[in-house]
Amino acid sequence: MTTIPIITLDAIQASLSNADILDAVKAALISQSRNEVISPPPGQLLFDDPKGDCHIKYGYFIGGDTYVVKVASGFYDNPKQGLPVNNGIMMVFNAKTGAPVCILDDKGWLTNIRTAAAGALAAQAGAPSNISSLGIIGAGEQAELQAKWTCELLDITSVNVYGRTPSRVKDYASRLEQAGINVTIAPDIPTLLQSCNLVITTTPSNEALILADDVRPGTHIVAMGTDSPGKQELDAALFQRATVIMVDDHDQCVHHGDLGHAVRDGLVSEDADIALGSVLAGQSPGRTSDDDITIVDLTGIAAEDMAVAGLVWSRVSLE
């Protein structure tokens, strides 16, 4: 029997630069917007005790040599045991024969890092011309990655952060300051919104955190925590105020993203959104003026997993 190669996390990280990941995720989002991706609805397992979820995403690029099946989990009490929140693997198969090609034992790193890249690209897509400060809601691993990747891509030096647990927020601020980013801790979300016109939400919240009346004109919001049914980070009424609503995948965002709450409440039509990929490709504007309120709803798409997994395999297999 042929042994299926298992690519370790160290080898995966050594094969990719941040620029590689940004390019791959951008291309994946553009391909998604052009209907060049075959990807069924994701599978989801939700857990209550302890609180957690598992996402199974899979698909292939039309005409591509491989297809990918990704299993990624998030268990939110893990830090209490000294464990990371996220874990998982990606499996790469030959798209011509169905034979397994390799297993990427990435321990959830590829999911985290492609999400960070998608968030930074989404922030860039609708950012106002003059960014007063970047606001981050949440203080977990993805909140840290979003701050670092978005600050680097958009040349931002200051971050305002709000989190529910003061000790975690303090540790978060310390890590960002060590990375050369100035951090202000906001006492609440309305205060954060008063000083930031670019805001990224990174929480597993089940109720709206950003209320429509608290958002100033000119604010661009990237919401990425609502990736399962029942989650919500944005007030559904906020979508009525938005000039541009961008999504990574229309069907997913209507089914279980923040946009879905606004659609089901009858506040916006189901076709009120445009594809983030079309904005990244220069085919649609991310905003029409600096007074616009703009939103990107990110639910995480298989195309991003396929892009980074395929890139890793193409490089490791040539060594």
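**Close-up 1. Helix α2 and its buried residues in the predicted model.** In helix α2, the buried residues (buried meaning under 20% relative accessible area, exposed over 50% and partly exposed in between, with a 1.4 Å probe and protein chains only) are Asp-20, Ile-21, Leu-22, Ala-24, Val-25, Ala-28, Leu-29, Ile-30, Ser-31 and Gln-32. Helices (H or I, at least four residues) and strands (E, at least two) are DSSP runs, numbered from the N terminus. The structure is a predicted model, in which local features need pLDDT of at least 70 and side-chain atom pairs count only at pLDDT 80 or more, while totals for chains, interfaces and linings use all residues. Residues are numbered from 1 along each chain as its sequence is written, and side-chain values use heavy atoms, with hydrogens and water left out. Helix α2 has 16 residues and reaches 23 Å from its first C-alpha to its last, which is close to the 22 Å expected at 1.5 Å a residue, the expected span being 1.5 Å times one less than the number of residues. Just after α2, Asn-35 takes a positive phi of about 60 degrees.

**Close-up 2. The salt bridge between Arg-315 and Asp-20.** The side chains of these two residues meet at 2.6 Å, N to O, in a salt bridge, defined as a side-chain nitrogen of Lys or Arg within 4 Å of a carboxyl oxygen of Asp or Glu. Because Arg-315 lies in helix α11 (residues 302-316) and Asp-20 in helix α2 (residues 18-33), the pair ties together parts that are 295 residues apart in sequence. Arg-315 counts as partly exposed, at 33% relative accessibility, whereas Asp-20 counts as buried, at 19%. Side chains of opposite charge can pair when their charged atoms come close. A search of the whole structure finds 11 salt bridges.

**Close-up 3. Asp-53 in strand β4 and its partner Lys-231.** The side chains of Lys-231 and Asp-53 meet in a salt bridge at 3.1 Å, N to O. This pair links distant parts of the chain, with Lys-231 in the loop between β13 (220-223) and β14 (232-234) and Asp-53 in strand β4 (residues 51-61), 178 residues apart. Both Lys-231 and Asp-53 are buried, and the relative accessibility of Asp-53 is 5%. The C-alpha atoms of Asp-53 and Arg-175, which are 122 residues apart along the chain, are separated by 27 Å.

**Close-up 4. A salt bridge between Asp-48 and Lys-51, and a network of salt bridges.** Asp-48 forms a salt bridge with Lys-51, the closest N and O atoms being 3.6 Å apart. Asp-48 is exposed, with a relative accessible area of 65%, while Lys-51 is partly exposed, with a relative accessible area of 40%. Lys-70, Arg-114, Glu-304 and Asp-305 are linked in a network of salt bridges.

**Close-up 5. Helix α3 crossing helices α4 and α11.** The axes of helix α3 (residues 109-126) and helix α4 (residues 141-154) come within 8 Å and cross at roughly 45 degrees, where axes are lines fitted to C-alpha atoms, for helices over the stretch in contact, and angles run from 0 to 180 degrees between N-to-C directions. That makes α3 oblique to α4, since angles under 35 degrees count as roughly parallel, over 145 as roughly antiparallel, 65 to 115 as roughly perpendicular and the rest as oblique. The crossing of α3 and α4 is right-handed; a crossing is left-handed if the near helix is turned anticlockwise from the far one by less than a right angle, and right-handed if clockwise. The axes of α3 and α11 come within 10 Å and cross at roughly 120 degrees, so these two helices are oblique to each other, and their crossing is right-handed.

**Close-up 6. Helix α4 and the cysteines.** Helix α4 has 14 residues and reaches 20 Å from its first C-alpha to its last, close to the 20 Å expected at 1.5 Å a residue. The helix is mostly covered, as 10 of its 14 residues are buried, among them Trp-149, Thr-150, Cys-151 and Leu-154. The count of disulfides (pairs of cysteine sulfur atoms within 2.5 Å) comes to zero. Cys-151 is in no disulfide, the nearest cysteine sulfur being that of Cys-196, 11 Å away, and Cys-151 counts as buried at 5% relative accessibility. The sulfur of Cys-253 is 20 Å from the closest cysteine sulfur, in Cys-54, and is therefore too far for a bond; Cys-253 counts as buried, at 0% relative accessibility.
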